[in-house]
Amino acid sequence: MFRNLITVLLFTVFAFAAGQVATTQPATAGTDEAAAAAKADGENPDAADTADAYPFTDLAPDSYWMPAKGTGDTTDHVDWMFYTILGLAAFCFLAISIVVLYLVWRYRHRDGHKAESSAKNNPTLEVVWTVIPAIICVFIFVGGWKGYLSMTTAPGDAMQIEVSAGVESKWAFTYNKGEETLETAELHVPVDRAVKLKMRSKDVVHSFSVPSFRKKQDVVPGRYSYLWFEADTPGVYRVYCAEYCGDSHSQMKTQVVVHKSGGYEKWLNAEFKKGETDCLNFEGQEQTDCFIAQGKEIYMAKGCIGCHTLDGVAGAGPSFKGIWGETREFTDGTSGVVDEDYIRESIFEPMVKIRTGFGPVMPSFEGKLTDKDIDALNNWLKTL
Ligand code: HEC
Ligand SMILES: [Cu+2]
């Protein structure tokens with residue numbers, strides 16, 4: 001009796017463990033997606049594309065158990081396996097619990113009854129409870145294996161995007177166009193097109209997971225791993241790291257934007273152009289105007305305003321008024337003209353040339369300002 005009970009209990013535990021493994025996919029809430037989409041909308045230069053590209057109302061969870069579906073066939077297969085295993089586990093749990101409870105009651109201790117020695121073995125019963133679960137296990141294995149095969153073999157014409165994980169628990173996606181590359185924090189893909197991710201980790205083991213695509217793949221340092229999908233519903237879906245990777249693991253999330261037909265190419269082109277000038281956001285302004293506006297923004301945002309005035313009155317540092325083309329004298333006796341190189345050097349290596357009459361107090365902005373920032377500052381300083 002005891003041995004049988006233990007067998008039955010163990011089986012229940014296993015059945016449930018199997019069910020649990022399949023349920024560890026986090027559920028996706030529709031509202032966050034809407035917020036994410038709204039955010040992506042604001043950032044995307046092509047609002048006309050994005051407005052109807054993200055039907056977030058469709059992104060409500062697929063069921064109590066499963067998040068919205070973003071891919072067709074693969075999702076269906078995974079969901080089918082999931083519900084089958086869940087059903088099996090629930091059935092076994094209920095059936096076994098009921099029998100156990102009944103037997104406990106039926107053979108309970110009563111006064112006057114003597115315990116009988118139990119039967120040694122029952123070959124028929126043992127064969128049945130071995131063969132049936134074995135068949136079920138093989139069935140589950142074949143289903144999982146099929147899903148795994150289709151998950152790991154990307155179609156030959158799949159578009160490739162590089163993914164890197166790590167460095168402050170962030171995902172980064174790299175797109176190539178000829179010689180140029182573009183790195184983004186969100187994944188953008190076209191609809192109805194197979195996309196293959198070539199993934200690597202810069203530090204520890206992470207796991208790239210898109211519950212809505214029912215896809216998950218470990219990303220291991222020192223080797224590439226791959227994952228592919230073909231999204232068939234435009235929208236914004238969540239991306240998680242599904243492998244505990246450090247104290248900011250829970251922050252390691254982003255989203256995948258599935259553009260509707262044609263939208264991806266527009267986005268990519270706009271994004272590459274943005275990389276060239278970073279000024280596309282200034283609508284209706286000439287490129288140079290835009291640069292000038294940016295220069296002033298940097299002046300105010302980076303604290304230059306604390307030491308440099310614009311009205312000709314010197315503060316801790318010289319005023320920027322009329323600075324362009326002036327001749328400056330330095331404490332080492334040399335002199336020079338204010339041009340682009342001088343300005344660049346003044347910002348990155350302020351100690352190299354100290355202007356006579358001022359102290360060597362300006363901090364270096366090396367690493368804090370980009371080359372593009374310097375260009376913008378130059379454009380702006382010329383106009384003062
Ligand atoms: C803590 C005060 C301080 C801050 C902040 C500061 N500067 Fe300066 N800056 C100076 C001083 C003092 C000088 C003159 C001495 C020298 O040449 O290093 C100077 C010189 C310069 C010069 C050369 C000016 C000339 O007339 O020859 C430029 C250009 C300049 N700074 C740009 C910037 C920019 C751009 C920022 C912000 C990103 C900035 N500075 C932030 C103090 C500062
Ligand atoms: Cu991670």
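Select Arg355 and ligand 1: an N or O atom in the side chain of Arg355 lies 3.0 Å from an oxygen atom of the ligand. This opening view belongs to a predicted model, and the tour proceeds from here around ligand 1, then to the copper ion, and finally to several individual residues.

**Stop 1. The surroundings of ligand 1**

Keep ligand 1 on display and add Arg328. An N or O atom in the side chain of Arg328 is 2.9 Å from an oxygen atom of ligand 1. Next, add Lys353, where the partner is a polar backbone atom, 3.2 Å from an oxygen atom of the ligand.

How many residues surround ligand 1? There are 25, and the closest are Cys304, Cys307, His308, Tyr342 and Met362. Colouring this shell by residue class gives 17 nonpolar, five polar and three charged residues.

**Stop 2. The iron atom**

Zoom in on the iron atom of ligand 1. Which residues are its protein donors? They are His308, through NE2, and Met362, through SD, and these atoms lie 2.0 to 2.1 Å from the iron. The site has six donor atoms, with angles of 86 to 178 degrees among them, and is octahedral. His308 is in the loop between α7 (287-301) and β11 (327-329), while Met362 is in the loop between α8 (340-348) and α9 (371-381), so the two donors tie together parts of the chain that are 54 residues apart in sequence.

For comparison with an ideal geometry, six octahedral donors would give angles of 90 or 180 degrees.

Now display the surface and look at each donor in turn. Is His308 buried or exposed? Its relative accessibility is 11%, so His308 counts as buried. Met362 has a relative accessible area of 25% and is therefore partly exposed.

**Stop 3. Helix α8**

Select α8, the element that contributes the largest share of the shell around ligand 1, namely three residues. Within this helix, Tyr342, Ile343, Ile347 and Phe348 are buried. To see what lies against the buried residues of α8, add β11, β12 (335-337) and α9, against which they pack. Tyr342 may be recognised from the first stop, as it is among the closest residues to ligand 1.

**Stop 4. The copper ion**

Move to ligand 2, the copper ion. Select its protein donors: His206 through ND1, Cys241 and Cys245 through SG, and Met252 through SD, at 2.0 to 2.4 Å from the ion. Why is the arrangement of the four donor atoms tetrahedral? The angles that they subtend around the copper ion run from 91 to 123 degrees, and this makes the arrangement tetrahedral.

Read along the chain, the donor residues follow the spacing H-x34-C-x3-C-x6-M. His206 belongs to strand β6 (residues 206-210) and Cys241 to strand β9 (residues 235-241); the pair is 35 residues apart and links distant parts of the chain. Both His206 and Cys241 are buried.

**Stop 5. Two residues with positive phi**

Select Asp192, in the loop between β4 (187-190) and β5 (194-201). Its phi is near 55 degrees, a positive value in a residue other than glycine. Asp192 counts as exposed because its relative accessibility is 52%.

Then select Arg214, in the loop between β6 and β7 (215-219). Arg214 is likewise not a glycine, yet has a positive phi of about 55 degrees. With 4% relative accessibility, Arg214 counts as buried.

**Stop 6. His188**

Return to strand β4 and select His188. At 5% relative accessibility, this residue counts as buried. Which side chain forms a polar contact with that of His188? The partner is His259, and the contact is 2.8 Å. Beyond its neighbours within four places in sequence, His188 is in contact with Ile161, Tyr175, Val257, His259, Tyr264 and Trp267.

**Stop 7. Tyr226**

The last selection is Tyr226, in strand β8 (residues 225-230). Its relative accessibility of 36% means that Tyr226 counts as partly exposed. Leaving aside neighbours within four places in sequence, Tyr226 is in contact with Lys196, Leu197, Lys198, Met199 and Gln217. Finally, add Gln160, which is 66 residues from Tyr226 along the chain; the C-alpha atoms of the two are separated by 9.9 Å.

Terms used:
Residues are numbered from 1 along each chain as its sequence is written. Chains are lettered from A and ligands numbered from 1 in the order in which they are written. This is a predicted model: local features need pLDDT of at least 70, side-chain atom pairs count only at pLDDT 80 or more; totals for chains, interfaces and linings use all residues. Side-chain values use heavy atoms; hydrogens and water are left out. Donors are N, O and S atoms within 2.8 Å of the metal (3.2 Å for Na, K and Ca); water is not among the atoms, so sites may look incomplete. Four donors count as tetrahedral if all angles lie between 85 and 135 degrees; four count as square planar and six as octahedral if opposite donors are over 155 degrees apart and all others between 65 and 115; anything else is irregular. Helices (H or I, at least four residues) and strands (E, at least two) are DSSP runs, numbered from the N terminus. Buried means under 20% relative accessible area, exposed over 50%, partly exposed in between (1.4 Å probe, protein chains only). A residue is near a molecule or strand if one of its heavy atoms lies within 4 Å of it. A polar contact is a pair of N or O atoms within 3.5 Å; within protein, one must be able to donate a hydrogen and the other to accept it, and residues adjacent in sequence count only if both atoms are side-chain atoms. Ala, Val, Leu, Ile, Met, Phe, Trp, Tyr, Cys and Pro count as nonpolar, Asp, Glu, Lys and Arg as charged, and the others, Gly among them, as polar. Contact means heavy atoms within 4.5 Å.
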